[in-house]
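Grab a coffee and work through these short exercises. Try each task yourself before reading its solution.

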Amino acid sequence: MTGAPRPRRRLSRARAAFNLAALLAGIWTFLVEPYRLEVTRHPVVVPGGDAALTIAHLSDLHSHGFGRRERALVEALRAAKPDAIVLTGDTVDDGSDAVIREVVQHLRAPLGVFAVLGNWEHWAQVPEPAAAFRAAGATLLENEARELRPGLWLVGLDDIAGFPRPDRAFREVPANATTIALLHSPAYF
């Protein structure tokens with residue numbers, strides 16, 4: 001006798017499809033996405049800039065140590081040969097200044113490596129983030145600015161989970177300078 005499938009069989013197929021979808025989502029979430037490296041290029045014309053400048057922007061690494069993903073990142077950076085590297089927060093999840101040092105020490109650029117804090121560094125309470133970045137060869141910009149090259153400034157603002165102070169951060173930047181602001185969360189604006 002043919003006819004419509006029994007309700008129990010339909011439910012069984014739906015449950016199997018749901019379980020398969022959940023399994024595939026789990027595989028993607030834990031085994032694929034965390035190791036996927038996305039490289040995008042955005043050319044920007046900087047007023048008064050005579051020579052091209054390449055800045056590598058890294059954000060939301062959420063690193064737990066120098067593993068497979070971090071090695072791939074370092075290789076991609078070596079190939080790109082950036083003039084400067086900027087990290088815009090959430091470098092680590094667990095509040096470990098040791099992990100910051102372990103990961104960031106592998107990042108090198110002629111004009112320097114600069115970082116700002118994200119919400120995770122505040123929530124996980126990294127004990128001495130400035131010291132950790134400094135020990136790794138990077139500069140943490142906490143509501144402060146640095147001249148990257150004549151007429152071009154980097155300004156680092158703390159995350160909204162901390163205390164962003166643009167008045168303090170922009171204080172030393174000349175009015176006619178080109179400025180790149182580094183911050184983790186655009187919600188501040």
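Helices here are DSSP runs of H or I with at least four residues, strands are runs of E with at least two, and both are numbered from the N terminus. Keep in mind that this is a predicted model.

**Exercise 1.** Work out how many helices and strands the protein has, and in what order the elements run.

*Solution.* Start with the count: the protein has six helices and seven strands. Next, walk along from the N terminus, and you'll read α-β-α-β-α-β-α-α-β-β-β-α-β. To round this off, look at burial: of the 189 residues in the protein, 34% are buried.

**Exercise 2.** Describe the largest pocket: its volume, and what lines it.

*Solution.* First, the volume comes out at about 1,500 Å³. Second, count the lining: 41 residues, with Thr40, Ile55, Ala56, His57 and Leu58 nearest the pocket's centre. Third, ask which elements give two or more residues to that lining: they are strands E1 (55-58), E2 (84-88) and E7 (178-182), plus helix H2 (68-80). H2 tops the list of contributors with six residues. Finally, sort the lining by character, and you get 25 nonpolar, eight polar and eight charged residues.

**Exercise 3.** Is Ile27 buried or exposed, or something in between? Place this residue in its surroundings too.

*Solution.* Begin with location: Ile27 sits in helix H1, which covers residues 7-32. Now check the accessibility: buried means under 20% and exposed means over 50%, so Ile27, at 36% relative accessibility, counts as partly exposed. Last step, the neighbourhood: Ile27 joins Leu20, Leu23 and Leu24 in making a nonpolar surface patch of about 370 Å².

Conventions: Residues are numbered from 1 along each chain as its sequence is written. This is a predicted model: local features need pLDDT of at least 70, side-chain atom pairs count only at pLDDT 80 or more; totals for chains, interfaces and linings use all residues. Side-chain values use heavy atoms; hydrogens and water are left out. On a 1 Å grid over the protein atoms alone, a cavity is a set of points where a 1.4 Å probe fits but cannot get out, and a pocket is an open set with protein on both sides within 12 Å along at least five of seven lines; lining residues have an atom within 4 Å of a point. Grid points are joined across faces, edges and corners, and a volume is the space filled by probe spheres set on the points. Ala, Val, Leu, Ile, Met, Phe, Trp, Tyr, Cys and Pro count as nonpolar, Asp, Glu, Lys and Arg as charged, and the others, Gly among them, as polar. Patches are made of residues with over 30% relative accessible area and no salt bridge: like charges are joined within 9 Å, nonpolar side chains (Val, Leu, Ile, Met, Phe, Trp, Tyr) within 5 Å. Accessible areas come from the Shrake-Rupley method with a 1.4 Å probe; for residues, only the protein chains shown count as cover. A salt bridge is a side-chain nitrogen of Lys or Arg within 4 Å of a carboxyl oxygen of Asp or Glu. Buried means under 20% relative accessible area, exposed over 50%, partly exposed in between (1.4 Å probe, protein chains only).
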